[in-house]
Amino acid sequence: MEISPIEDLKIIPDIVQPYPDPSVGREGVIVIDNGSFNCRAGWMLKEKPALVFRNILAKPRKDRNKKDIEVATVPVTQIGNDIVNIEALRLQLRTQFDRNVVTHYNVQEQIFDYIFTKLGINSENSVPHKVMITECLFNPNYCRSLMSELLFECYDIPGLSYGVDSLLSFHSNQRGKSGLIIATGYHTTHVVPVLNGRMVVENIRRINIGGSHMIAFLHRCLQLKYTFHLNAITLSRSEVLLHKYGEFAYDYMEALQNWACLTYYNQNVKKIQLPYNQTTAAPALTTEQKFEKKKELSKRLAEINARRREERLAQDEELLMQLQQLEESAEDGEDIRDGLVEHSIKDVGELKRMIATVNSRIEKARQKMNAPCAGGSQSQLQSDSDKLLQPPPNMSVVEWVEETRRKRDAIIEKRQARRQRKQDLAKRRTAAAQERMRIISHLARKEKGSDDFGMRDEDWDVYKQISREEDSDNENDSERLVEYDIILKQYDSTYEDPLLTMSGNAAELYQLHVGVERIRAPEILFQPSIIGSYEAGLAETIDFVLKLFPAEQRGCLVNNIFLTGGCAKIRGLKDRLSREMREMLPFESRFEIEVAREPVLDAWNGASKFCLTETFRQSLITRPMYEECGGEYLKEHVHGNVYFPTPKDCGDQLTG
């Protein structure tokens, strides 16, 4: 399976364009596709916009800790492609949009400053060019009024015209006079019916689902799947993954079943490698250095084990002293119930048994500690280390290594079985837990002669007595396991150090397996309920819009279904929509679905072409017209919104 490196957004800062452009001149029109995700700006007659940038700005916060500085430094505001690292300034990003409507005009003014500066316009106190700008469908009059006021009053432009991005894209692709536009945006998706060159305003429907929701959902899914890489999975990287690997499933439920199949998963999963800095390998050691290192390691092992025995011996001796004091107090007739409870002991008989157990444990520990002292502590440790690295006299090296490996595997299996048993006992309904409870109940009935075990507090003592486990076996297993590892490191060339193996496979821990998420994130456009939205999906909305028209008009619409917007670039949308249309239309109905040539740039291209027409010149709002009719005034044309004047009473209430 091919592993692809993670891709970050590659942002190149914009340069200042030469002005005036010889191919445009001073009478050229500035075309701005003011999208809620990307802003595209440039001159008419050009093949592509001069500026394409994220419609955001980042204004760093003032450092409140630097209060002693006399001259207050103003934070530098970064706009568009000047923000090279978006994630570093994620919490400081600002946009002029609320969903797809411009509401923050202080941000919009700074965006305009950026556009006009990068286009090279250096005229003083004005922009001597007409402006063609896009707005959202059904843009509120109040918002349009503020936009016109900003452009006329602040930049003193000579003329202004508004258009709708989806209608301009429809015009750019020359799709005819009637059709059904599916405009997928960053925050919303619109279903726009067009008849005889004019959109049918009363039948337009909006879905509040767009590319931002897909990116956020994919981002959250990957973060929940890989909690260890929470910081490495950023929104910017999720955006790249969505556009590169995301796709609409032709049949979502069938696709989910396919992804549940291991073979299909292995064939289609995309493995993405996150940044991983592998530690440099240590320099190679000579044979003598390796031998000395292993010798020192075995010596340290013996010293560590001896120190641990001393610590355990001291703890046992202190425990024995406390238990003997309790025994003496009991012989003197004193009340020792609190002491027994402190040590989880039931009665005096159990106290005596526990004293005997601790005594036996202390004697064994002293025997182990005194064994090396017969020949001198330091020399004996050294001789034990040497003996550890030598095979027994009655076995060959090969047989000794094989026997060591077998013992090591047996300890590992025993440890795994013990760990699994603990997990099973922690769960109530496992076979191990039920068998244990059966034994406890049997012992309780045998001891008490009743079937009401568990109803009294003292029954807990029976459970504690049965549940005790000796830790000496675990400690001895750990010591032997370390010894076996030392032997295998020296004599077995095929032995792999667990630490080195873990380090070698660390790169795999930094991989993202993008599987079912590829279809799950785009699916929210057809099933918004996946993210908790109660709105209808795209297919249901199209069906609802079509039923608002008579049969003959419905045929004109479905014969020219046009997909545009950023989400139209995601693979599989056309095929998925074809399947949905086939299900909702009558048997053998004809329909045609086409995707825009450039779903992202076609709105700007359509606006650029529109500037060459007579309709554009008639739709211009001049400065005198703005002053006479107000900022909300709009000249209607086939590629723009319908103008609904604000009632005077409502206007008086707003101004009042």
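1. Let me start with E2 and E3, a pair worth a look in this predicted model. Strand E2 (30-34) and strand E3 (38-43) run antiparallel and are paired over five bridges. A hairpin of three residues connects E2 to E3. If you want a landmark in this pairing, Asp33 sits opposite Arg40 in E3.

2. On its other pairing, E2 is joined to strand E10 (131-135) by three bridges, and here the two strands run parallel. The bridge partner of Ile30 in E10 is Val131. E2 thus offers a handy place to see both senses of pairing: antiparallel with E3 and parallel with E10.

3. How many of the residues of E2 are buried? Five of its five are, and the strand is mostly covered. The side chains split in the way you would hope for: Ile30, Ile32 and Asn34 point one way, while Val31 and Asp33 point the other way, and all are buried. In a regular strand, side chains alternate between the two faces of the sheet. Note that Asp33, the residue opposite Arg40, belongs to this buried set.

4. Stepping back to the whole sheet, E2 belongs to an open sheet of six strands in the order E4-E3-E2-E10-E11-E20, and the pairing is mixed. The edges are strand E4 (51-54) and strand E20 (621-622), each of which pairs on one side only. At the E20 end, strand E11 (residues 159-164) is joined to E20 by two bridges, and these strands run antiparallel. One position to check there is Gly159, whose bridge partner in E20 is Thr622.

5. Next, the helix on the sheet. Helix H1 (residues 105-118) lies across E2, E3, E4 and E10, and runs at about 150 degrees to E4.

6. H1 also packs with a second helix. Two packed helices are described by the angle between their axes and the distance between the axes. For H1 and helix H2 (residues 141-155), the axes come within 11 Å and cross at roughly 45 degrees. The two helices are therefore oblique to each other, and their crossing is right-handed. By class, this contact has 10 nonpolar, one polar and three charged residues. From H1 the participants are Tyr105, Gln108, Glu109, Phe112, Asp113 and Phe116, which meet a set in H2 including Arg144, Leu146, Met147, Leu150 and Tyr155.

7. Two serines deserve a comment, and I take Ser166 to begin with. Ser166 is located in helix H3 (residues 165-172). Is Ser166 buried or exposed? Its relative accessibility is 3%, so Ser166 counts as buried. Leaving aside neighbours within four places in sequence, Ser166 is in contact with Ile181, Ala183 and Thr564. Along the chain, Ser166 and Phe562 are 396 residues apart, yet their C-alpha atoms are separated by 9.6 Å.

8. The other serine is Ser236, located in helix H5 (residues 235-245). With a relative accessible area of 6%, Ser236 falls under the 20% cut-off and is therefore buried. Which residues does Ser236 contact, leaving aside its neighbours within four places in sequence? They are Leu9, Ile86, Glu87 and Arg90.

Technical notes: Residues are numbered from 1 along each chain as its sequence is written. This is a predicted model: local features need pLDDT of at least 70, side-chain atom pairs count only at pLDDT 80 or more; totals for chains, interfaces and linings use all residues. Side-chain values use heavy atoms; hydrogens and water are left out. Two strands pair if DSSP finds at least two bridges between them. Helices (H or I, at least four residues) and strands (E, at least two) are DSSP runs, numbered from the N terminus. Contact means heavy atoms within 4.5 Å. Axes are lines fitted to C-alpha atoms, for helices over the stretch in contact, and angles run from 0 to 180 degrees between N-to-C directions. Buried means under 20% relative accessible area, exposed over 50%, partly exposed in between (1.4 Å probe, protein chains only). Angles under 35 degrees count as roughly parallel, over 145 as roughly antiparallel, 65 to 115 as roughly perpendicular and the rest as oblique. A crossing is left-handed if the near helix is turned anticlockwise from the far one by less than a right angle, and right-handed if clockwise. Ala, Val, Leu, Ile, Met, Phe, Trp, Tyr, Cys and Pro count as nonpolar, Asp, Glu, Lys and Arg as charged, and the others, Gly among them, as polar.
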